[in-house]
Amino acid sequence: MKYLYAAYLATWVIHAVYLGSLVRRSSRLRQQLKDLAKAR
Amino acid sequence: MKRWFPILAVLTALLLAYAFYEALWVAPTERTMGDVQRIFYYHVPSAWTAFLLFTVNLVASLVYLIKRNPKADAVALVCAEVGVVFCTVVLVTGPIWARPVWGIWWTWDVRLTTTLVLWLIYVSYLVLRRFSDSAQTPMLAAVLAIFGALDVPLVYFSIWFFRTQHPQPVIGGGGSIDPRMLRVLLINWLAFLCFAFLVCWSRYRLEMLQREVDEAYSLESLGGAA
């Protein structure tokens, strides 16, 4: 069973890492947009 | 359209939870491999989803090459990126299944090698998109995507045409599967397709935001230069 759990866990870790990177990129872009709006 | 996102996200989460329950507790246990065979319910749908995303990437790349439509270019980029994530799942879950069943993590078998090559082609596509600033980048990436997509049928049909250690196809190609297992497999694929759709949607919105920011910076630098 340890291989089964390892495979399922690995799948969700990969997706979670990717989703985390999307959230980070999104917040960085929103901050850049705010900074640009302030600079104008 | 935006207000549908949270509703679809909740429905997808419920479907993924149901698919997980079906894969672990409802699907019958395979006679020779035992419970480790259940990795199949994540491995195969992830592979099919990656193939589908790479196919959409091909279509979007062709549309970009013909019409120079920036939205098609964004769709191609998004599908390649999410496809690489699903292909990574395939390349990680495969060896985890192979270790207890074959006694080895990896072998340079045709199916495994072509899948690794497919992953490398799309990773190089993403590297090209990430580190090249040239105006020609979308066009070069679209051409690379066409070469990458040629590997998809090679991966899929490799187990039909070559002698390989990889299990034979469960659908078509003379393979057979217990109908209860097939049902669980299809439920899991549907769940992963919905998940992939939502991830692509989010990534597309992010890409559009990125382009908006890039454009604003270019306008600002032009204004500064004037």
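How many helices and strands make up the secondary structure of chain B? In this predicted model, chain B has 6 helices and 0 strands, where helices (H or I, at least four residues) and strands (E, at least two) are DSSP runs numbered from the N terminus. The model is predicted, so local features need pLDDT of at least 70 and side-chain atom pairs count only at pLDDT 80 or more, whereas totals for chains, interfaces and linings use all residues. Residues are numbered from 1 along each chain as its sequence is written, and chains are lettered from A in the order in which they are written.

The C-alpha atoms of chain B fill a box of roughly 75 × 40 × 30 Å along the principal axes. Of its 226 residues, 34% are buried, that is, with 20 or more other C-beta atoms, placed from the backbone, within 10 Å of their own C-beta.

The largest nonpolar core (buried Ala, Val, Leu, Ile, Met, Phe, Trp, Tyr and Cys residues joined through C-beta atoms within 7 Å) holds 56 residues, of which Ala76(B), Phe86(B) and Tyr122(B) touch the most other members. The elements below each supply at least two residues of this core.

| Element | Chain | Residues |
|---|---|---|
| α1 | A | 2-39 |
| α1 | B | 4-26 |
| α2 | B | 40-67 |
| α3 | B | 70-102 |
| α4 | B | 110-131 |
| α5 | B | 137-161 |
| α6 | B | 179-225 |

With 18 residues, α3(B) gives the most to this core. Beyond its neighbours within four places in sequence, Ala76(B) has contacts (C-beta atoms, placed from the backbone, within 7 Å) that include Asn57(B), Tyr64(B) and Ala142(B).

Between the chains, 18 residues of chain A are in contact with 22 residues of chain B.

Technical notes. Buried ≥ 20, exposed ≤ 12 C-beta atoms within 10 Å, placed from the backbone. Contact = placed C-beta atoms within 7 Å.
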